[in-house]
Amino acid sequence: MGRAFEFRKERKFKRWAKMAVQFTRLGKEIVMAVKAGGGDVNTNSRLRTAVQNAKAVNMPKDRVEAAIKRATNRDEKDYEELVYEGYAPHGVAVLVETATDNTNRTVANVRSYFTKYGGALGKTGSLDFIFTRKAVFTFDPGDRDLEELEFELIDAGLEDLFVEADEAGNDIAVIHTAFEDFGKMQKALEEIGIETKSAKLERVPQSFHEVTEEQAVDIMKLIDRLEEDDDVQAVYHNMAE
């Protein structure tokens with residue numbers, strides 16, 4: 001069957017592995033949402049968002065329901081949300097969001113990854129001047145008049161609205177608003193009748209660090225390893241594309 005078959009097989013395995021990691025992270029988010037606000041999506045906005053994000057990546061409905069049910073069990077472990085900051089090799093800033101039931105294990109693992117791949121873990125707050133926390137919503141723009149939509153969403157805290165291509169090459173509309181306006185924007189979109197594909201709080205870099213292609217390879221080794229860790233929920237960096 002040759003190299004073409006092996007290449008397709010490898011890509012398929014990587015895609016499956018990526019999906020498995022996404023499902024694990026979303027499962028944790030669902031558990032944390034239920035622990036914080038109960039298991040009813042109608043009254044728990046964080047849970048409603050987590051379930052919505054799970055649907056966006058085709059997480060099976062039975063896995064979503066199982067996570068909600070598991071979280072209502074008093075014996076289910078709690079997760080602590082921690083953020084680690086540091087620098088990858090060649091001066092690129094890296095911020096790591098984690099959700100863990102064992103903080104000693106998580107910090108030891110994260111520190112070892114930075115050390116192994118030529119980076120260094122920093123102090124909490126050391127990257128505040130580089131990353132700003134934003135609420136980010138995505139939806140299918142369809143035939144909607146985005147200029148008119150911008151006016152409708154200004155009072156909900158709209159900062160930016162643009163269209164970009166998703167992984168499949170399809171147009172996707174992206175909304176940025178302040179971290180504090182997440183709930184207000186979510187409510188406004190629901191009232192307008194826009195079904196979002198995802199709604200997340202993300203760390204958006206305010207400045208970017210230029211690197212060579214060879215340096216980018218070194219940096220991505222660290223980022224890839226961090227993203228493979230079960231305790232890691234998200235990894236952000238300011239490496240220029």
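Let me start with Gln206, which at 48% relative accessibility counts as partly exposed, and which sits in the loop between strand S7 and helix H7, the helix that covers residues 213–228. I should say straight away that what we are looking at is a predicted model, and that everything I describe is computed from that model. If you follow Gln206 across to Asp128, you will find two residues that are 78 apart along the chain, while their C-alpha atoms are separated by 9.9 Å.

The loop between S7 and H7 also holds Ser207, and this residue is partly exposed too, with a relative accessible area of 35%. Here the relation between sequence and space runs another way, for Ser207 and Ile192 are 15 residues apart in sequence and yet 34 Å apart in space, taken from C-alpha to C-alpha. A further pair to set beside these is Lys116 and Thr49, which are 67 residues apart in sequence and 36 Å apart in space, again C-alpha to C-alpha. Lys116 itself belongs to helix H4, which runs over residues 103–116, and with a relative accessibility of 64% it counts as exposed.

Now to the annotation, so that you can place these elements. In UniProt, an unreviewed entry carries the annotation "domain: TACO1/YebC-like second and third" for residues 79–239. In the model, that span is 30% helix and 37% strand, and the C-alpha atoms at its two ends lie 30 Å apart.

Let me turn to the charged residues, beginning with the salt bridges. How many salt bridges does the structure hold? There are 11 salt bridges in the structure, and I will take you through some of them. In one, the side chains of Arg203 and Glu97 meet, with a distance of 2.8 Å from N to O. Because Arg203 lies in strand S7 (residues 196–205) and Glu97 in strand S2 (residues 93–100), this pair ties together parts that are 106 residues apart in sequence. Are these two partners buried or exposed? Arg203 is buried, at a relative accessible area of 18%, and Glu97 is likewise counted as buried, at 13%.

Another salt bridge joins the side chains of Lys134 and Glu159, at 2.5 Å from N to O. Lys134 is in strand S4 (residues 131–139) and Glu159 is in strand S5 (residues 158–165), so the pair ties together parts that are 25 residues apart in sequence. Of these two partners, Lys134 is buried, with a relative accessible area of 16%, whereas Glu159 is partly exposed, with a relative accessible area of 43%.

A third example is Asp181 with Lys184, whose closest N and O atoms are 3.6 Å apart. Here Asp181 counts as buried, at 19% relative accessibility, since the cut-off for buried is under 20%, while Lys184 is partly exposed, with a relative accessible area of 43%. Beyond single pairs, there is also a network of salt bridges, and it links Lys28, Asp101, Arg105 and Asp231.

Next, the surface. Which residues form the negative surface patch? The patch is made up of Asp145, Glu147, Glu148, Glu150, Glu152 and Asp160. Its largest share, four residues, is contributed by helix H5, which spans residues 146–153. Glu152 is located in that helix, H5, and at 43% relative accessibility it counts as partly exposed.

I will end with a point about the backbone. As a general rule, most residues other than glycine have a negative phi. His90, although it is not a glycine, has a positive phi of about 70°. You will find His90 in the loop between strand S1 (80–87) and strand S2, and it is partly exposed, with a relative accessible area of 33%. As you look at this loop, you may recall that S2 is also the strand in which Glu97 lies, and that Glu97 is the partner of Arg203 in the salt bridge I described earlier.

Definitions and conventions
Residues are numbered from 1 along each chain as its sequence is written. This is a predicted model: local features need pLDDT of at least 70, side-chain atom pairs count only at pLDDT 80 or more; totals for chains, interfaces and linings use all residues. Side-chain values use heavy atoms; hydrogens and water are left out. UniProt positions are given in the numbering used here, feature names are shortened, and annotations may be inferred rather than shown by experiment. Patches are made of residues with over 30% relative accessible area and no salt bridge: like charges are joined within 9 Å, nonpolar side chains (Val, Leu, Ile, Met, Phe, Trp, Tyr) within 5 Å. Accessible areas come from the Shrake-Rupley method with a 1.4 Å probe; for residues, only the protein chains shown count as cover. A salt bridge is a side-chain nitrogen of Lys or Arg within 4 Å of a carboxyl oxygen of Asp or Glu. Lys and Arg count as positive and Asp and Glu as negative; His and the chain ends are not counted. The place of a charge is taken as NZ of Lys, CZ of Arg, CG of Asp or CD of Glu. Buried means under 20% relative accessible area, exposed over 50%, partly exposed in between (1.4 Å probe, protein chains only).
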